[in-house]
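Trainee: Please take me closely through a single part of this model, and then go on from there to other parts that you consider worth reading in the same detail.

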Amino acid sequence: MVWRGVIDKYRKYLPIGRNAEVVTLNEGNTPLVHATKISREVGSNLDVYLKYEGSHPTGSFKDRGMTVAVTKAVEEGCKATICASTGNTSASAAAYSARAGIKSIVIIPKGRIALGKRAQAMIYGALVIEIEGNFDDALRIVREIGEKYPVTIVNSINPYRLQGQKTGAFEVCDQLGGKAPDYHALPVGNAGNITAYWMGYPEYKAAGKVPSTPVMLGFQAEGAAPIVRGHPIQNPETVATAIRIGNPASWKQAVNAANESGGLITAVTDEEILTAQKMIASLEGIFCEPASAASVAGILKLSRTSYFNSGEKKTVVCTLTGNGLKDPNIVERQAQAPTILPADTQKVVEFIGL
Ligand code: F0G
């Protein structure tokens with residue numbers, strides 16, 4: 001079957017009109033990879049899979065929601081989209097708006113988004129505004145503009161975004177052969193994705209596609225963990241700039257996802273995030289961005305406690321939300337720099353130790 005994107009594949013679960021002109025980049029159908037070595041690392045009773053959302057057309061999971069949000073925006077006659085972003089939403093909004101032939105306005109925190117993401121919004125032709133503030137400030141501005149002016153907000157406060165993102169859950173179930181995993185781990189920033197997955201799994205169960213739903217595990221960065229602390233964080237800080245958010249829009253829904261599924265939302269340190277990012281790349285061959293690695297950092301952390309000690313073998317899916325190529329600067333901090341040698345075969349051979 002030819003893959004034509006998540007609306008084509010899951011249309012009956014999505015609020016898309018019969019005559020809608022679908023705006024798609026053939027997103028979805030991302031790899032679900034068994035993580036053999038990380039499974040070993042977390043102990044014998046866990047089978048870990050990585051859902052690599054970094055393989056999307058704009059390099060993050062945002063494309064699942066953006067195809068639905070922009071398709072609806074066009075259907076409703078909108079001429080411009082607007083979003084606040086830590087970088088991935090803006091890249092995706094800019095790309096899908098370009099594809100639809102409508103204007104895209106993106107508001108990002110100055111100096112705090114990864115290089116590749118900033119470049120993406122620029123090359124797709126968005127009007128890029130950098131504010132002297134953080135993501136929470138940017139989202140406040142976007143909400144205020146959206147209330148007064150004829151622009152469509154495509155942040156996850158737009159309900160169509162979450163509708164699209166819930167297809168991530170459907171896909172995991174399909175790829176596991178009609179089963180939901182026992183646990184689903186993911187990073188939490190503005191808290192839309194965990195909310196969307198927790199819409200998707202129960203919906204698939206209700207449709208008779210899977211017999212059960214997973215326990216949802218959400219992980220925030222220690223310095224940007226408002227849900228864990230129980231109050232907004234004024235100046236969130238983390239190396240994982242994608243989830244540097246102090247007051248998540250879908251806070252309540254995320255707590256609800258954790259509670260209803262019997263799961264939890266907890267924090268991981270920047271060091272744990274970077275260690276996990278390196279492990280995922282060097283042990284499994286997948287380069288994800290730091291925020292994505294929070295999911296794996298989280299299950300490594302829980303596996304060091306008695307959390308997973310149930311005896312029987314359990315399946316864990318970790319969503320790797322974005323592509324590591326977006327944020328190359330971070331690698332300099334944790335991987336060994338290349339060795340510089342003269343252009344001399346003998347010297348190279350000696351250095352390798354052959
Ligand atoms: N991982 C990555 C790579 C992200 O870009 C984001 C969010 C998250 C995880 C967290 O997902 O917000 O649904 O809880 N990025 C948003 C953005 C905020 O603007 O790109 P969430």
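Mentor: What follows begins with one sheet and one helix, and then turns to other elements.

The model is a predicted one, and every value below is computed from it. The sheet to start with is open and has 4 strands, in the order β5-β4-β3-β6, with parallel pairing. Because β5 (127-131) and β6 (152-153) stand at the edges with a single partner strand each, one side of each of these two strands is left without a neighbour in the sheet. The pairing at the β6 end joins that strand to β3, residues 80-84, in the parallel sense and over 2 bridges; within it, T81 stands opposite T152 of β6. Helix α6, residues 135-148, lies across β3, β4 (103-109), β5 and β6, and runs at about 150 degrees to β3.

Helix α4 also belongs in this picture, since β3 and β4 are included in what covers its buried residues, together with α3, α5 (115-123) and α7 (159-165). Residues 88-100 make up α4, and these 13 residues reach 18 Å from the first C-alpha to the last, close to the 18 Å expected at 1.5 Å a residue. With 10 of the 13 residues buried, α4 is largely enclosed by the rest of the structure. The buried residues are N88, T89, S90, A91, S92, A93, A94, A95, Y96 and S97. After the helix comes G101, which has a positive phi near 75 degrees.

One of those buried residues, Y96, leads on to α3, because T67 counts as buried, at 0% relative accessibility, and Y96 is among the residues that T67 touches. T67 is found in helix α3, residues 62-75. Once residues up to four places away in sequence are set aside, the other contacts of T67 are V6, I7, V23, T24 and E27.

A second pairing of strands deserves the same attention. Strand β7 (residues 183-187) is mostly covered, with 5 of its 5 residues buried. In a regular strand the side chains alternate between the two faces of the sheet. For β7 both faces are covered, as Y183, A185 and P187 on one side and H184 and L186 on the other are all buried. This strand pairs with β8, residues 215-221, in the parallel sense over 5 bridges, and L217 in β8 is the bridge partner of A185.

In the loop between α8 (167-175) and β7 lies D182, which counts as partly exposed because its relative accessibility is 31%. D182 touches P214, V215, K313, K314 and T315, not counting residues up to four places away in sequence. There is also a long-range relation to D47, for the two residues are 135 apart in sequence and yet 9.8 Å apart in space, C-alpha to C-alpha.

Helix α9 can be read against the ideal geometry of a helix: at 1.5 Å a residue, the 15 residues from 192 to 206 should span 21 Å, and the end C-alpha atoms of α9 are indeed 21 Å apart, which agrees. Its buried residues are G192, N193, I194, T195, A196, Y197, W198, G200, Y201 and Y204. Just after α9, G208 adopts a positive phi of about 80 degrees.

The loop between α9 and β8 holds V210, which is buried at a relative accessible area of 5%. Two of the buried residues of α9, Y201 and Y204, are in contact with V210. Leaving aside neighbours within four places in sequence, V210 also contacts C173, G178, K179, A180 and K205. V210 and G177 are 33 residues apart in sequence and 9.2 Å apart in space, C-alpha to C-alpha.

A pair of helices completes the reading. Two packed helices are described by the angle between their axes and the distance between the axes. For α12 (residues 270-284) and α13 (residues 290-303), the axes come within 7 Å and cross at roughly 95 degrees, which makes α12 roughly perpendicular to α13. On the α12 side, E272, I273, L274, A276, Q277, M279 and I280 meet P290, A293, A294, V296, A297, L300 and K301 of α13, and the residues of this contact divide into 11 nonpolar, 1 polar and 2 charged.

Note on methods: Residues are numbered from 1 along each chain as its sequence is written. This is a predicted model: local features need pLDDT of at least 70, side-chain atom pairs count only at pLDDT 80 or more; totals for chains, interfaces and linings use all residues. Side-chain values use heavy atoms; hydrogens and water are left out. The expected span of a helix is 1.5 Å times one less than its number of residues. Buried means under 20% relative accessible area, exposed over 50%, partly exposed in between (1.4 Å probe, protein chains only). Two strands pair if DSSP finds at least two bridges between them. Contact means heavy atoms within 4.5 Å. Axes are lines fitted to C-alpha atoms, for helices over the stretch in contact, and angles run from 0 to 180 degrees between N-to-C directions. Angles under 35 degrees count as roughly parallel, over 145 as roughly antiparallel, 65 to 115 as roughly perpendicular and the rest as oblique. Ala, Val, Leu, Ile, Met, Phe, Trp, Tyr, Cys and Pro count as nonpolar, Asp, Glu, Lys and Arg as charged, and the others, Gly among them, as polar.
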